[in-house]
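The following exercises concern the strands, helices and cores of one protein chain. Please read each task and attempt it before turning to the solution.

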Amino acid sequence: MTGITLAVPSKGRLEELTREWFAARGLTISRPGGARSYLGVMEGEPEVTVRFFPASEIARELIRGTIDIGVTGRDLIHETSETGPDSVHFARSLEFGHADVVIAVPEAWIDVTHLHDLADVASDFRSRHKRWLRIATKYITITRQHFARAGIAEYRIVESLGATEAAPASGVADIVVDITSTGSTLAANGLRVLDDGIMLKSEANLIVSRTADWPDEKKRKLNSLLAQLAADPL
């Protein structure tokens, strides 16, 4: 099979911006079955099958190799699997969907401005409060990797399923790791990003799966498409 499967976000602003980005480069994506259909077409490119998936599913399937190329956030590739970045090729940034995965602490923690301060706090929680420092986040993989590199081990992750930024005020957690574009929501909830608290700068990317099957003819077609999109070849 030499056809290429392209996955694009299935709804919301991310879908709209993705389709606009491709259209601006002469590749119009349509959804013949309507908004509820998960199958699309790329006009003039019959060998490209378009699928509409949630952005998190696109990241997972790119890593698995069940889709060939897709549009999703860099953060989702890093979060989905520790080996995620090695399983894909970041062909190019699409210059939208900018956001940072950050560490934010309560404004009242005036002496905590950097990650090394947080290491001291984590140790203090363990000895003084007889419990682990609690971190609310949806980004479990990224948090564990980043804190391990910083040598911080005395903490517990509280998986966030809702509004992460509200966790400290509600007593569920002490600090948060969250994604933010402007920081305004964090500030509105009495939180401040550490001076060196940006863990990952993310944005929408055109991403190619390294784990997909790439026979020579299919790879040639892929690189032709990437050239049209001014993206780096596989």
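**Exercise 1.** What is the order of the strands in the open sheet of 5 strands?

*Solution.* The model is predicted: local features need pLDDT of at least 70, side-chain atom pairs count only at pLDDT 80 or more, and totals for chains, interfaces and linings use all residues. Residues are numbered from 1 along each chain as its sequence is written, and side-chain values use heavy atoms, with hydrogens and water left out.

Step 1. Helices (H or I, at least four residues) and strands (E, at least two) are DSSP runs, numbered from the N terminus; two strands pair if DSSP finds at least two bridges between them.

Step 2. The order is β9-β8-β10-β7-β11, and the pairing is mixed.

Step 3. β9 and β11 (191–202) stand at the edges with a single partner strand each, so one side of each lacks a neighbour in the sheet.

**Exercise 2.** Determine how strand β8 is joined to β9 and to β10.

*Solution.* Step 1. β8 pairs with β9 (residues 155–159) in the parallel sense over 5 bridges; leucine 133 has tyrosine 155 of β9 as its bridge partner.

Step 2. From β8 the chain passes through helix α6 (residues 140–149) to β9, a right-handed β-α-β crossover (with the strands pointing away from the viewer, the path from the first strand over the helix to the second runs clockwise).

Step 3. β8 and β10 (residues 175–180) run parallel and are joined by 3 bridges. Opposite isoleucine 135 stands isoleucine 175 in β10, and opposite alanine 136 stands valine 176.

**Exercise 3.** Are the residues of β8 buried or exposed?

*Solution.* Step 1. Buried means under 20% relative accessible area, exposed over 50%, and partly exposed in between (1.4 Å probe, protein chains only).

Step 2. In β8 (residues 133–137), 5 of 5 residues are buried.

Step 3. In a regular strand the side chains alternate between the two faces of the sheet. Here Leu133, Ile135 and Thr137 point one way, Arg134 and Ala136 the other.

**Exercise 4.** Which residues touch the most other members of the largest nonpolar core?

*Solution.* Step 1. A nonpolar core is a set of buried Ala, Val, Leu, Ile, Met, Phe, Trp, Tyr and Cys residues joined through side-chain atoms within 4.5 Å.

Step 2. The largest such core has 27 residues, of which Leu6, Phe22 and Leu206 touch the most other members.

Step 3. A second, separate core has 24 residues, including Leu118, Ile135, Ile142 and Leu200. Ile135 also belongs to β8, where Ile135 is buried.
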